[in-house]
Amino acid sequence: MLWVSSLGVPVIPAAGVGLLLAAGFLLLGSGTDTDVAAGTESSPESLEKVGSGGALAGWNGAVAGTLFLVTALGCGFLAWRTATPPHFVGGVSGTGTVTLERPWGRMRALLLDLPQGRFLLFVSPFGGHREGDLLSVQGYAEPLERGSGSLDMRPFWWARGVRAVLRPYSVRNEGVSGASLAAWRSVLRRHILLELPRRVRGHLLAAWLGGRDPTLAELHRRWGTSHLLAVSGFHVGLVAALVWVLLGKRRLGMFLAGGLVWGYALLAGAGPSALRAAAMVQLFLTGAFLGRKSGVTNAVAVVAAGLLLWRPWWFQDVGWRLSVTAVLVLGAYADLLGRRDAGEPGGKEESVLSVARQGIAAGLLAWVATAGISASVFGPVPLAGVLVNMVAIPVFAVLLPLASLAALPVLLGLPGGGYAAGAMEWLFLWWEKGADGAATLLSASLEWSWLLGGGTVFLVTALVLGSCGIGRGRTFLISIILSGSVMAFSGA
């Protein structure tokens, strides 16, 4: 429904399209994938197979009805939420904390939490206001405006809880708000910017606080590894894995891992991708605590649906869509491998070569699945990302924790702490040389086309449905319907 609405279809018709698609998919996906011809087998095993198939078909019908009802309620709620965004008009006065500060064209955008809610302020870049500052303001609140460009930025701010734009009559800085999270972020950002070498500074600013170094961002864009600078499942998973390794599978370790993951997500700016990843990690930790195994595909679906029901405008966030799509594809591929291994007797152990092939295939699938979204928003996607990402993921899984440890002595003011940070700067420099070489060898790029968009949707749909156990025929038909819809809406 949200995808159809993002194409410009009004909210109510988009909800109807969502219901029709849900009904069609449930009907196509219902029943069993095992066809047993009556009379061709008369053994007790075949009779038991037929009996279980009939029970499964009845169970699927009940589940399909329940899922359709839940989908109908969800589409109705999303239609209502999307049609009634946050709104506030009138005079505003009070004192609040700056929870976010970022560049916005020639101005600085501030998110200010006041007793009346969260408001957006545009101030001069020379005003000196930072995250964690207490501002006493008086002004008038107006609804968010679409703007003169083709890109509507209102969903970006609605997704972050903004009620209106505040046009201030007066702004007075009352100083730092104390031990607030925003104040800690501001202090940490200042130390990182002033005390660490350039490459270490840029990567830790992104990994710790969700910040952005323009020079570093341009380099990663050229290599096709921009996702490494956006706090997402990769970074959150590293935090959880380190805690898990240090404390083991004890209950204390699970509790601490959950707390640290949520603390890290909030420290990094509580972006949509970080919250999605933290919620997924929490689901897996809860499942491990209860002795239940969680499926990745189901976890992605539950967390994404829950967050969108909270704030549906997150769907318009490109980082959200890229993150969810990549994790959905990787999770579906992992579930497919799990279903295949479960069907093999004896639990055959995977060889190193087989694991390497699966890792390469997973990386390729994630890249292809997200290439369409990236190309439609950011322009041509460098093909070098296919090769570089195969190395970048394991390399940065080591470099980022090492850089974090190496930066601590400098940030804590310990004597001689600069040596470790300098060594990490040297390692990042060598990584840049290798990535630049790969980007030079493979300088071609992939541009957006309706065929790319349709192919991306076909791949994602086929993987997800296959991981859910739906037969190949139905999977192919549903994937064709969805990919054809994308190509039709794209003007093919």
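**Figure 1. D113 is partly exposed and pairs with R118.** With a relative accessible area of 28%, D113 is partly exposed (buried means under 20% relative accessible area, exposed over 50%, and partly exposed in between, using a 1.4 Å probe and protein chains only). This is a predicted model, where local features need pLDDT of at least 70 and side-chain atom pairs count only at pLDDT 80 or more, while totals for chains, interfaces and linings use all residues. Residues are numbered from 1 along each chain as its sequence is written, and side-chain values use heavy atoms, with hydrogens and water left out. The partner of D113 is R118, and the closest N and O atoms of this salt bridge are 2.7 Å apart (a salt bridge is a side-chain nitrogen of Lys or Arg within 4 Å of a carboxyl oxygen of Asp or Glu). R118 is partly exposed too, at 24% relative accessible area.

**Figure 2. More salt bridges join R172 to E174 and R199 to E425.** A search of the whole structure turns up 12 salt bridges. In one of them, the side chains of R172 and E174 meet at 2.9 Å, N to O. E174 is partly exposed, with a relative accessible area of 40%. R199 and E425 meet at 3.0 Å, N to O. R199 belongs to helix α6 (residues 198-209) and E425 to helix α15 (residues 418-441), so this pair ties together parts that are 226 residues apart in sequence (helices, H or I with at least four residues, and strands, E with at least two, are DSSP runs numbered from the N terminus). Are these two residues buried or exposed? R199 counts as buried at 15% relative accessibility, and E425 counts as buried at 13%. Elsewhere, salt bridges link E101, R108 and R130 in a network.

**Figure 3. Tryptophan rings W158 and W313 form a pair, and so do W223 and W431.** The structure holds 12 aromatic pairs (rings of Phe, Tyr and Trp, the last by its six-membered ring, pair if their centres lie within 6.5 Å; planes under 30 degrees apart count as stacked, over 60 as edge-to-face and the rest as tilted). The ring centres of W158 and W313 are 5.9 Å apart and their planes stand at 55°, so this pair is tilted. W158 sits in helix α4 (residues 154-158) and W313 in the loop between α11 (296-310) and α12 (318-342), so the pair ties together parts 155 residues apart in sequence. Both W158 and W313 are buried. For W223 and W431, the centres are 6.2 Å apart and the planes are at 85°, so that pair is edge-to-face. It links distant parts of the chain, with W223 in helix α7 (residues 214-223) and W431 in helix α15, 208 residues apart. W223 counts as buried at 0% relative accessibility, and W431 does at 11%. Ring pairs link W223, F396, F428 and W431 into a cluster.

**Figure 4. R160 and K433 each lie over the face of a ring.** R160 is 3.8 Å from the ring centre of F156, and K433 is 4.7 Å from that of W430 (a charge sits over a ring if NZ of Lys or CZ of Arg is within 6 Å of the ring centre and within 35 degrees of the ring normal).

**Figure 5. The largest nonpolar core has 37 residues.** Which residues touch the most other members of this core? They are L120, L144, W157, W314 and W320 (a nonpolar core is a set of buried Ala, Val, Leu, Ile, Met, Phe, Trp, Tyr and Cys residues joined through side-chain atoms within 4.5 Å). Elements that each supply at least two residues include β2 (107-114), β5 (162-176), α10 (272-290) and α16 (450-467). The largest share, eight residues, comes from α12. Leaving aside residues up to four places away in sequence, W314 touches A159, R160, P272, L275, L307, L308 and W320 (contact means heavy atoms within 4.5 Å). A second, separate core of 29 residues includes L205, L228, L238 and A403.

**Figure 6. Helix α5 covers residues 181-195.** Buried in α5 are A182, A183, R185, S186, R189 and I192. Among the elements covering these buried residues are β1 (90-104), β5, α6, α9 (251-267) and α14 (384-411).

**Figure 7. The whole protein chain has 17 helices and seven strands.** Of its 492 residues, 41% count as buried.

Terms used
The expected span of a helix is 1.5 Å times one less than its number of residues.
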